[in-house]
Amino acid sequence: MTASPPADAKTPVTNGKGKVRTRFAPSPTGFLHIGGARTALFNWLYARHCGGDFLLRIEDTDRTRSTQGAVEAIFDGLRWLGLDWDEEPTFQYARRDRHAEVANELVAKGKAYKCYASPEDLAQMREDAKASGKPQGYDGRWRDRDPAEAPAGVPPVIRLKMPLDGETTIHDHVQGDVTIPNAVMDDFILLRSDGSPTYMLSVVVDDHDMDITHVIRGDDHLTNAARQINLITAMGWDVPEYAHVPMIHGPDGAKLSKRHGALGAEAYRDMGYLPEAMRNYLARLGWSHGDDEIFSTDQAIEWFGLEQIGKSPARFDFAKLANLNGTYVREADDTRLADETLRMMTQVKGWTVSDATRDALVQAMPGLKERAKTLDDLAEGARFLIEQRPLPIDEKAAKLLDDQARGILTGIVPALESLPAWTMDGIETTIRDFAEAQDVKLGKVAQPLRAALTGTTTSPGIFDVLAVLGKDESLARIKDQAA
């Protein structure tokens with residue numbers, strides 16, 4: 001038994017349903033982690049590449065762990081990443097009656113059966129199989145048994161009748177042909193004894209009813225695909241195309257954990273990454289287009305194909321992400337960056353800012369973003385804009401403010417005070433003329449000015465800092481540190 005052959009990359013198979021339809025199906029038990037975000041991105045890119053639909057399904061059948069807060073976190077994470085879905089989200093738990101209907105239909109067709117094995121029976125079954133060195137799955141004891149022999153008062157489960165011989169082949173766009181002997185796959189449960197559907201049943205029914213043509217998901221689901229193909233075939237439905245994507249590892253090759261960056265999408269937002277940079281970086285985690293490292297979302301949509309996804313686990317690297325994000329920061333619109341930095345300052349860092357801060361940020365942004373890799377860097381770099389006098393001076397800046405430096409500050413005040421107009425050109429000319437008159441290099445004037453004006457040794461260009469702070473505030477800060 002086999003799935004459909006892989007679609008040609010230029011002419012995707014749609015199983016007669018008109019267009020490609022992909023889905024992202026997270027369980028709402030926590031945040032949208034980075035692996036899930038990449039899975040969503042690959043599904044979204046492929047749907048957009050093919051002119052198809054990208055759907056969202058919330059697999060909330062685990063009622064003890066599913067929360068509304070997690071649902072909202074998933075929605076927020078996808079929205080922040082810019083991954084829009086095309087129809088109202090499907091909630092799996094609300095469809096449990098439909099899932100049970102299919103299980104009972106399979107029983108009526110003779111493709112599934114009711115199993116009355118007790119927990120004790122199953123435990124003994126496993127022990128016997130272990131002792132004899134056989135697979136420890138269900139042994140099919142109720143497969144062909146007369147239901148009249150069912151013990152009274154025992155609610156049954158419903159199991160699928162798996163083929164007893166032969167093999168199942170998954171034709172996978174990423175993994176290639178993967179063949180599994182049917183003998184190693186037991187008759188798995190479709191409906192539990194309490195009437196609730198299992199994951200295997202719910203996923204297959206929902207994919208069919210949602211007209212999903214391509215299932216793109218983590219390769220931890222690869223063995224599930226073999227079982228699901230048999231369930232799909234038992235119902236006489238079309239088998240979707242499969243693409244099982246390798247997992248993401250940390251830079252050290254170990255399974256991705258929180259120490260590597262297995263955080264929620266909102267954590268990356270609050271660390272100061274831009275969504276377009278995250279899309280670019282996640283797309284390159286396992287997928288490639290030649291040697292292209294930096295590309296727009298439109299280019300990713302144009303280029304994306306399942307056959308370009310690698311078989312090996314991708315490695316998450318914060319340094320590469322930060323460098324890529326820095327590229328996007330430098331190319332971003334200054335007004336937008338100012339708004340994003342303002343959000344970082346207020347909502348993430350909890351700083352108090354004035355109404356004038358946004359305008360100052362826009363003005364300072366060309367100088368700020370040249371050194372920044374994240375919005376957090378921008379916020380820290382712009383901190384001097386909101387500091388109150390007397391300005392806190394960090395240790396490195398304090399070392400610059402020796403007696404000679406304070407003398408320079410004292411000497412430059414009259415020159416700056418006499419400026420008729422506080423313009424960038426006027427400020428630069430005045431400082432350069434002062435340095436020349438004092439027979440010192442420009443840096444000997446700029447360094448103590450930077451320390452006095454920002455309290456640090458790093459900032460945008462000193463002329464930019466003076467212009468953004470304005471004449472009164474600049475002179476007041478200089479005088480605070482002058483001799």
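The paragraphs below go through the nonpolar cores, one buried serine and the cysteines of this structure, which is a predicted model.

In soluble globular proteins, nonpolar side chains tend to be buried together. Here the largest nonpolar core holds 101 residues, and those touching the most other members are Leu 78, Met 278, Phe 316, Leu 385, Ile 431 and Leu 449. Helix α1, spanning residues 34–49, gives this core its largest share, with nine residues. A further core of 34 residues lies apart from it, and its members include Leu 160, Met 162, Leu 190 and Ala 225.

Leu 449 offers a view of the surroundings of one such residue: once its neighbours within four places in sequence are left aside, Leu 449 is in contact with Leu 409, Ile 412, Ile 431, Ile 462 and Ile 478. Among these partners, Ile 431 is itself listed with the core residues that touch the most other members.

Ser 474 sits in helix α19, which runs over residues 471–481. Ser 474 counts as buried because its relative accessible area is 0%, under the limit of 20%. A polar atom of the Ser 474 side chain lies 2.7 Å from the backbone oxygen of Gly 470. Not counting residues up to four places away in sequence, Ser 474 also touches Trp 422, Leu 453, Leu 466 and Leu 469.

As for the cysteines, the structure holds zero disulfides. Cys 115 counts as buried because its relative accessibility is 2%, whereas Cys 50, at 24% relative accessibility, counts as partly exposed.

Technical notes. Residues are numbered from 1 along each chain as its sequence is written. This is a predicted model: local features need pLDDT of at least 70, side-chain atom pairs count only at pLDDT 80 or more; totals for chains, interfaces and linings use all residues. Side-chain values use heavy atoms; hydrogens and water are left out. A disulfide is a pair of cysteine sulfur atoms within 2.5 Å. Buried means under 20% relative accessible area, exposed over 50%, partly exposed in between (1.4 Å probe, protein chains only). Helices (H or I, at least four residues) and strands (E, at least two) are DSSP runs, numbered from the N terminus. A polar contact is a pair of N or O atoms within 3.5 Å; within protein, one must be able to donate a hydrogen and the other to accept it, and residues adjacent in sequence count only if both atoms are side-chain atoms. Contact means heavy atoms within 4.5 Å. A nonpolar core is a set of buried Ala, Val, Leu, Ile, Met, Phe, Trp, Tyr and Cys residues joined through side-chain atoms within 4.5 Å.
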